[in-house]
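Visitor: I am new to this structure and would be grateful for a close look at one part of it. Please take me through the disulfide and the nonpolar core.

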Amino acid sequence: QVQLVESGGGLVQAGGSLRLSCAASGRIFSMGDMGWYRQAPGKQREFVATSGSSTNYADPVRGRFTISRDNAKNTVYLQMNSLKPEDTAVYYCNAAARSTGWDSYRNYWGQGTQVTVSS
């Protein structure tokens, strides 16, 4: 099994910055794509950014958020700049991982970290 633990959320004023981290641990042979999703109150969970064979961003965050990863630490980061009140949400880490060379990749989710942007 693989566990994902997020950190770095909090309360920030509009225009401010936060950096989220997500560390994968457990029985890991290799990691695939790692990324971030978010869910605002009353809304469906939505894609934010992903890092793997390519890097992709959702339109609302492109140019303000930067995803990066440290493969040696099985960790993915999300640097969030110029934050807006509409960025307020629970941010979830998502990662594909396999525990042995014979396994297929499985999808895992973190528990979420709250980001609140005040106006």
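Guide: What follows treats the disulfide, then the nonpolar core, and finally two loop residues.

The model is a predicted one, in which local features need pLDDT of at least 70, side-chain atom pairs count only at pLDDT 80 or more, and totals for chains, interfaces and linings use all residues. Residues are numbered from 1 along each chain as its sequence is written, and side-chain values use heavy atoms, with hydrogens and water left out.

A disulfide is a covalent bond between the sulfur atoms of two cysteines; here the term is applied to a pair of cysteine sulfur atoms within 2.5 Å. Searching the whole structure yields 1 disulfide. Its partners are Cys22 and Cys93, with an S to S distance of 2.0 Å. The link of Cys22 and Cys93 is left-handed, with -80° about the S-S bond. Because Cys22 lies in strand β3 (residues 18–26) and Cys93 in strand β9 (residues 89–98), the pair ties together parts that are 71 residues apart in sequence. Strands (E, at least two residues) are DSSP runs, numbered from the N terminus. Cys22 is buried, at a relative accessible area of 0%, and Cys93 is buried at 0% relative accessibility. Buried means under 20% relative accessible area, exposed over 50%, and partly exposed in between, with a 1.4 Å probe and protein chains only.

The nonpolar core comes next. The term denotes a set of buried Ala, Val, Leu, Ile, Met, Phe, Trp, Tyr and Cys residues joined through side-chain atoms within 4.5 Å. The largest such core has 30 residues, of which Leu4, Trp36, Val48, Phe65, Leu78, Met80 and Tyr91 touch the most other members. At least two residues of this core come from each of several strands, among them β1 (2–7), β4 (30–39) and β11 (113–118). Strand β9 gives the largest share, 5 residues.

Tyr91 deserves a separate word. Leaving aside neighbours within four places in sequence, Tyr91 is in contact (heavy atoms within 4.5 Å) with residues including Leu20, Trp36, Val48, Phe65, Leu78, Met80 and Val115.

Two loop residues complete the tour. Asn74 sits in the loop between β7 and β8; its phi is near 50°, a positive value in a residue other than glycine. Asn74 is partly exposed, with a relative accessible area of 21%. Ser82 belongs to the loop between β8 and β9 and, although not a glycine, has a positive phi of about 50°. Ser82 is partly exposed, at 39% relative accessible area.

How values were computed
Helix = DSSP H or I, 4+ residues; strand = E, 2+ residues; numbered from the N terminus.
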